[in-house]
Amino acid sequence: MPETLKDTETTKDGTAAVPGPTAATMAASTKPEKARSLWSDAWHDLRRNPLFVASAILITILVVMAAFPQLFTGADPRYADLANHYLQKPNWSHVFKEDWFGYDVQGRSIYARVIHGARNSILVALVVTALVTVIGTATGMIAGYFGGLIDTLLSRVTDIFFAVPFTLGAMVVLTSFEERSVWVVILALAFLGWTQIARVARGSVLTIKQADYVMAAKALGASTSRILLRHILPNAIAPVIVVATISLGGYIGSEATLSFLGIGLAEPAVSWGVDISSGQEQLRNAAFVLIIPSIMVSITVLAFIMLGDAVRNALDPKLR
Amino acid sequence: MAEPRKSGEAVDATPNVTEVDVVDAGSESASVAAIEAPVERGEPILQVRNLVKHFPLTQGILFKRQVGAVKAVDGISFDLYQGETLGIVGESGCGKSTVAKLLMMLETATAGEVFFKGQDITKLSGRALKAVRRNIQMVFQDPYTSLNPRMTVGDIIGETFDIHPDSAPKGERRRKVQELLDVVGLNPEYINRYPHQFSGGQRQRIGIARGLALNPEIIICDEPVSALDVSVQAQVINLMEKLQDEFNLSYIFIAHDLSIVRHISDRVGVMYLGKMAEIGTDTQIYDHPTHPYTQALLSAVPVPDPDAREGRERIILSGDVPSPANPPSGCRFRTRCWKAQDRCATDVPLLAIPERFKGSDSQAAHESACHFAEEKDVVHAA
């Protein structure tokens with residue numbers, strides 16, 4: 001169905017595009033017409049993509065969960081009742097109740113902890129992605145556009161950061177901090193994560209800067225900042241956005257990994273990674289303590305990767 | 001493979017419209033010459049002197065050392081007068097587009113000068129260069145890549161006013177853009193459309209409108225119609241001629257299509273391997289070529305009349321164009337020239353009126369860089 005819709009629209013444009021304004025085209029174009037850029041085309045495609053719709057709904061729920069956990073549960077994730085609830089089994093019929101997913105080794109409601117744990121994971125993912133995109137795009141754009149010595153210098157610095165194993169590097173950075181708040185974790189991940197974006201941005205800028213419209217802007221006497229911001233950035237950003245959305249899911253996983261290893265967030269912080277870390281000790285007698293937060297991580301990572309995939313397909317003109 | 005035909009492009013892309021002109025010009029060459037003779041020859045508006053562009057060839061990763069240079073443009077001189085069109089023709093890779101980029105200051109010249117109204121613009125930078133750019137603008141070859149796909153037509157043309165804020169007051173800009181669209185024959189209502197909503201010819205009109213926005217005196221057209229199909233080529237060429245009369249523009253018209261160049265140009269320069277082989281008025285070049293390369297090039301122009309085609313002589317050159325990184329000594333054309341003698345390998349022929357034609361009234365008395373320049377009318381030979 002979307003195919004036929006699109007076809008009729010292109011023919012409409014096609015007929016209006018006969019050289020020379022005729023009376024008919026004049027009349028047609030006096031109506032306010034909707035401009036269709038790459039982004040509006042992409043949005044048009046995305047709305048009809050079930051993968052996108054599903055992931056968008058999931059992400060919306062997760063973001064609301066992170067922002068307003070009280071909407072989902074009234075229970076306190078830090079309230080421990082060892083006497084009554086030590087490793088109490090989940091009660092699957094009590095949907096959205098405190099004991100839905102059972103209780104952990106401290107007698108705390110797993111349901112409440114899973115809901116409240118979303119905040120740290122989502123916060124880490126969004127802030128790290130934003131930081132990484134800004135740092136990576138700026139570095140890649142400067143390296144790609146100016147070339148020469150600046151490019152060599154920035155590219156080698158990127159290579160050095162790229163060579164550091166991500167988890168190992170993050171461990172080294174994190175252990176150097178006394179107190180590990182969520183912002184320290186964000187800093188550590190962003191510090192090491194910008195290299196991929198920088199490479200993608202550099203490659204994209206290298207092709208865009210050859211374009212005739214960049215030449216034309218130079219010939220008009222446009223300043224470097226105008227060329228970079230008005231001509232190169234809007235045309236080079238699409239692949240960066242795709243990589244950023246896909247890696248968003250990865251940062252949730254990384255935060256969980258670091259917390260699991262005991263060097264990310266730590267008790268009393270509520271986070272999926274912290275819960276997975278403490279749950280693994282009870283794997284034999286109470287597997288649900290480990291499995292439930294793990295499933296949350298998987299669903300969230302999957303939702304973001306699905307979103308990234310859908311965005312990539314929508315922005316890739318070759319798949320049209 | 002055995003005989004790579006010269007100037008294959010000229011053969012592919014000759015529009016019907018202008019082919020007719022080539023044939024007509026034969027019978028009425030005298031009157032055509034009178035009409036198309038360059039207008040007032042006052043001070044040249046643009047003087048190019050020994051312009052050189054060498055692209056270095058480097059080797060090594062960390063410590064780059066220069067192992068040679070691609071001599072894309074190797075000493076070119078010509079003048080451009082107010083209101084005239086200078087055509088520059090030559091096959092692919094002969095340095096035509098590099099000349100355009102050098103004149104636009106998009107590449108820095110290795111040596112040589114470009115004087116705009118007496119001022120050497122190759123040494124300018126910053127504000128002074130920006131001021132000169134207002135007077136020299138460019139129309140690009142490919143209308144599909146020369147317009148930013150993320151900007152509306154209004155933004156693309158209006159950007160010139162943002163870059164040069166004193167050229168139009170803020171409130172006037174939108175109206176000026178619409179005027180420009182009207183001038184190039186587009187509906188002013190299209191101002192909010194994106195480039196992909198236009199056909200190739202319409203896009204090229206947008207490119208021309210952008211070039212006109214600052215009221216330049218010179219427009220450099222780098223193959224402005226070669227990406228368009230034949231019927232649209234004629235429309236765009238006619239538009240450019242109309243605009244030239246209206247705004248008294250000077251064009252440097254770069255193309256590989258000989259017929260189109262003849263149609264629009266007052267004077268024509270023929271380039272071969274980074275050097276100018278021959279330069280003169282269009283009648284001098286097309287009807288009285290004296291350089292063997294020009295003669296070979298012209299003999300490849302398709303002739304629509306089958307009878308004329310039967311009788312005419314085809315000059316078929318052997319071999320390929322030598323690499324500009326290692327051009328032949330002496331005359332650049334000697335490796336493929338049927339007139340070449342020992343002298344051609346040692347003495348570089350200068351671009352000047354050949355000795356034997358000096359002082360003669362003949363049309364053959366124009367600048368030609370050949371030791372053995374000799375008139376030969378290839379187009380009309382029967």
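Two residues are taken to be in contact if their C-beta atoms, placed from the backbone, lie within 7 Å. On this criterion, and leaving aside neighbours within four places in sequence, B:Leu129 is in contact with B:Met105 and B:Leu124 in the predicted model described here. B:Leu129 belongs to helix 5 of chain B, which spans residues 126-133. Its environment is intermediate: with 14 other C-beta atoms within 10 Å, B:Leu129 is classed as partly exposed, because burial requires 20 or more such atoms and exposure 12 or fewer. B:Asp142 lies 13 residues from B:Leu129 in sequence, and the C-alpha atoms of B:Leu129 and B:Asp142 are 25 Å apart in space.

The secondary structure of each chain was then considered. Chain A contains 13 helices and zero strands, and its pattern along the sequence is accordingly written α-α-α-α-α-α-α-α-α-α-α-α-α. Chain B, by contrast, has 14 helices and 11 strands. Of the 320 residues in chain A, 40% count as buried, while in chain B buried residues account for 47% of 382. Among the contacts of chain A with a sequence separation of 6 or more, 70% involve residues 24 or more positions apart. For chain B, 70% of the contacts between residues at least 6 apart in sequence join residues at least 24 apart.

Within chain A, helix 11 (residues 224-260) takes part in two helix-helix packings described here. In the packing with helix 9 (residues 182-208) of chain A, the two axes come within 9 Å and cross at roughly 155°. Helix 9 of chain A is therefore roughly antiparallel to helix 11 of chain A, since angles over 145 degrees are assigned to that class. The crossing of these two helices is right-handed. The residues contributed by helix 9 of chain A include A:Val185, A:Leu189, A:Ile197, A:Val200 and A:Ile208, and those that they meet in helix 11 of chain A include A:Ile232, A:Pro239, A:Val243, A:Tyr251 and A:Leu258. By residue class, the contact between helix 9 and helix 11 of chain A comprises 15 nonpolar, five polar and one charged.

Helix 11 of chain A also packs with helix 12 (residues 272-279) of chain A, at an angle of about 40° and with the axes 7 Å apart. This geometry makes helix 11 of chain A oblique to helix 12 of chain A. The crossing of helix 11 and helix 12 of chain A is likewise right-handed. On the side of helix 11 of chain A, the contact is formed by A:Glu255, A:Ala256, A:Thr257, A:Leu258, A:Ser259 and A:Phe260, which meet A:Trp272, A:Gly273, A:Val274, A:Ile276 and A:Ser277 of helix 12 of chain A. These residues divide into six nonpolar, four polar and one charged. A:Glu255 and A:Leu258 of helix 11 of chain A appear in the contact with helix 9 and also in that with helix 12.

In chain B, strand 8 (residues 250-255) is largely enclosed by the rest of the structure, as six of its six residues are buried. B:Ser250, B:Ile252 and B:Ile254 point one way from this strand, whereas B:Tyr251, B:Phe253 and B:Ala255 point the other way. Strand 8 of chain B pairs in the parallel sense with strand 3 (residues 85-89) of chain B over five bridges, and B:Tyr251 is the bridge partner of B:Thr85. Five bridges also connect strand 8 of chain B to strand 7 (residues 218-222) of chain B, again in the parallel sense. In this second pairing, B:Ile254 of strand 8 stands opposite B:Asp222.

A further element of chain B is an open sheet of four strands with the order 2-1-4-5 and antiparallel pairing. Strand 2 (65-81) and strand 5 (119-120) of chain B form the edges, each pairing on one side only. Strand 4 (residues 111-116) and strand 5 of chain B run antiparallel and are joined by two bridges, with B:Asp120 of strand 5 as the bridge partner of B:Phe115. Helix 4 (residues 96-103) of chain B lies across strand 1 (44-59), strand 2 and strand 4 of chain B, and runs at about 75° to strand 2 of chain B.

Technical notes: Residues numbered from 1 in each chain as written. Chains lettered and ligands numbered in written order. Predicted model: local features only at pLDDT ≥ 70, side-chain atom pairs only at ≥ 80, totals over all residues. Axes fitted to C-alpha atoms, helices over the stretch in contact; angles between N-to-C directions. Parallel < 35°, antiparallel > 145°, perpendicular 65-115°, else oblique. Left-handed = near helix turned anticlockwise from the far one by under 90°. Nonpolar A, V, L, I, M, F, W, Y, C, P; charged D, E, K, R; others polar. Pairing = 2+ DSSP bridges.
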